[in-house]
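Student: I'd like to go through the labels on this structure and ask what each one rests on. Can you set every value against its cut-off for me?

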Amino acid sequence: MTGPTPHYSALALLRARLAGGGFWRPLWTGRLLKQAYDVVVVGAGGHGLATAFHLARDHGLKVAVLEKRLVGYGNVGRNTTIVRSNYLLPENHYFYEDSLRRWETLSKDLNYNVMYSPRGVVDLALSDGDMIGAARRGNAMRLAGIDCEMMDRAALDRFCPELVASRDRRFPIFGALVQHRGGTVRHDAVAWGYARAATALGVDIIEDCEVTGLRTAAGVATGVETVKGYVQANRVLFATAGHTGMIGTMLGVTLPIETHLLQAMVTEPIKPMLNTVLVYVHPGHGETYLLQSDKGGLVMGGYLDGFPSYTREGQWSRMEDVVQGAIAMLPQAAGVKIVRQWAGINDMTMDGSPIIDRLRYDNVFLNAGWCYGGFKTIPASGAACAKLVASGTAPDLIKAYRLSRFETGHMLDERGGGPFPVRL
Ligand SMILES: Cc1cc2nc3c(=O)[nH]c(=O)nc-3n(C[C@H](O)[C@H](O)[C@H](O)COP(=O)(O)OP(=O)(O)OC[C@H]3O[C@@H](n4cnc5c(N)ncnc54)[C@H](O)[C@@H]3O)c2cc1C
């Protein structure tokens with residue numbers, strides 16, 4: 001579909017429905033693969049789609065996004081929708097803050113409601129040590145101009161009464177670092193919004209089109225081999241998240257990335273009871289984070305399953321840890337039934353920070369290493385990665401995310417970008 005989105009009145013919708021429903025046109029399907037493009041993007045996850053959108057809109061390039069399965073099949077459609085910029089290191093917090101600011105206006109930019117909900121992200125502290133860590137992170141954020149608030153127990157009781165922070169507990173809550181502009185964004189709307197906006201700019205999104213090889217000549221890439229045939233490309237970007245290791249093998253490069261499984265689950269819908277995002281690292285059962293979806297289900301997750309895997313089936317023991325953590329945090333949730341569990345495969349770097357850089361050839365690029373926190377970065381990553389691919393030069397915001405840091409030892413060690421106690 002090209003041109004501005006038409007406005008559908010209620011009457012028009014009704015008429016179309018009565019006429020047999022032939023009203024909705026597919027937004028991105030039905031495109032035919034052309035022989036050649038300025039840029040081929042491999043992977044229609046959040047990062048691939050956002051980069052394609054910016055390559056077309058900001059740089060006027062002819063782009064194809066080639067997707068092995070379906071738009072939204074990967075982690076962009078499997079995550080727990082949390083966005084925040086409460087990172088400690090300057091190399092990270094400016095980038096994550098740029099992304100958070102972009103979420104605030106993304107619905108307008110894409111003309112698609114991505115349902116940004118700044119309900120706050122509350123990182124709970126369970127000891128004096130946690131409070132010191134929280135204050136350190138908060139101070140670093142404030143110095144960078146990023147909002148956050150340290151709360152003691154009494155302030156938390158006012159902000160999040162359902163938590164009853166002052167309740168007598170085995171591991172008492174000391175306080176929290178709260179980022180009020182953090183919150184949630186509807187994940188599948190992000191995939192659909194970018195896919196629709198990119199298509200409207202002339203990007204071809206081709207589903208069921210696995211890329212199986214890279215063709216090179218005289219030291220540069222000339223195109224990609226796919227299950228639908230060869231496609232010529234002046235530049236190639238790999239944005240394949242959990243499959244990045246396989247791309248490394250395809251290109252003969254060993255990447256500092258392991259693929260790990262992360263699971264999440266949701267309960268049956270219940271009345272509104274939680275108006276923020278709670279994150280909590282518990283000495284007994286690891287990490288739990290918890291939020292209530294717009295449909296009313298309590299969405300929760302925690303640590304990785306703990307071993308490399310390409311399966312998307314989580315271990316029962318990890319589910320138990322997460323649920324125990326959730327009940328310790330909100331005992332009133334005990335007895336609510338879990339109705340669905342799922343998992344995704346994450347591209348884990350050893351320092352928890354991403355890689356946006358060239359890969360082996362001058363005209364081949366990699367956007368990867370998002371670990372379990374890459375949903376929140378999609379808008380900033382798309383804009384910055386498009387600049388890198390279009391101009392060949394990394395903008396300042398992503399200069400630290402070069403691959404060579406693993407050779408030189410200049411790690412950006414956020415430990416997965418989690419809250420103050422160490423995450424996996
Ligand atoms: C359970 C869970 C909860 C999470 N929660 C959060 C959260 O709350 N907040 C947050 O910020 N992050 C979260 N994340 C992490 C976040 O979802 C990911 O870091 C991010 O989505 C990864 O980037 P992507 O969207 O581009 O990846 P994906 O959506 O996985 O896209 C990669 C695409 O590449 C395709 N592909 C792979 N190989 C090929 C090939 N050879 N040819 C063509 N296509 C190929 C795949 O099919 C896939 O569609 C979570 C992840 C999981 C699994």
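Student: Why is Cys209 not in a disulfide with Cys385?

Tutor: A disulfide is a pair of cysteine sulfur atoms within 2.5 Å. The sulfur of Cys209 has its closest cysteine sulfur in Cys385, 19 Å off, so that is too far for a bond. Cys371 is in no disulfide either, with the nearest cysteine sulfur, that of Cys385, 16 Å away. Searching the whole structure turns up zero disulfides.

Student: What kind of model is this, and what gets counted?

Tutor: The model is predicted: local features need pLDDT of at least 70, side-chain atom pairs count only at pLDDT 80 or more, and totals for chains, interfaces and linings use all residues. Residues are numbered from 1 along each chain as its sequence is written, and side-chain values use heavy atoms, with hydrogens and water left out.

Student: What makes Cys209 count as buried or exposed?

Tutor: Buried means under 20% relative accessible area, exposed over 50%, and partly exposed in between (1.4 Å probe, protein chains only). Cys209 has 0% relative accessibility, so Cys209 is buried. Cys371 has 4%, and therefore Cys371 is buried as well.

Student: How do you know that Arg31 and Asp204 form a salt bridge?

Tutor: The term asks for a side-chain nitrogen of Lys or Arg within 4 Å of a carboxyl oxygen of Asp or Glu. For Arg31 and Asp204 the closest N and O atoms are 2.9 Å apart, and the pair forms a salt bridge. Arg31 sits in the loop between α1 (10–18) and β1 (36–42), while Asp204 is in strand β8 (residues 204–206), 173 residues apart. Helices (H or I, at least four residues) and strands (E, at least two) are DSSP runs, numbered from the N terminus. Arg31 is at 25% relative accessibility and so counts as partly exposed, whereas Asp204 is at 1% and so counts as buried.

Student: Which other side chains meet in a salt bridge?

Tutor: Glu225 and Arg215 do, at 2.7 Å from N to O. Glu225 has a relative accessible area of 25%, so Glu225 is partly exposed, and Arg215 at 37% is partly exposed. Asp396 and Lys399 also meet in one, at 2.8 Å. Asp396 is at 64%, so Asp396 is called exposed, but Lys399 at 41% is partly exposed. The search finds 15 salt bridges in the whole structure, and a network of them links Glu97, Arg101, Glu104, Asp147 and Arg181.

Student: Why is Thr259 called buried?

Tutor: Thr259 has a relative accessible area of 6%, so the label buried applies. Thr259 lies in strand β12 (residues 257–267).

Student: What makes the pairing of Thr259 and Tyr310 a polar contact?

Tutor: That term means a pair of N or O atoms within 3.5 Å; within protein, one must be able to donate a hydrogen and the other to accept it, and residues adjacent in sequence count only if both atoms are side-chain atoms. The side chains of Thr259 and Tyr310 are joined by a polar contact of 3.5 Å. A polar atom of the Thr259 side chain also lies 2.8 Å from the backbone oxygen of Gly242.

Student: Which residues is Thr259 in contact with, leaving aside its neighbours within four places in sequence?

Tutor: Contact means heavy atoms within 4.5 Å. On that basis Thr259 is in contact with Gly242, Pro308, Ser309, Tyr310, Ile345 and Asn346.
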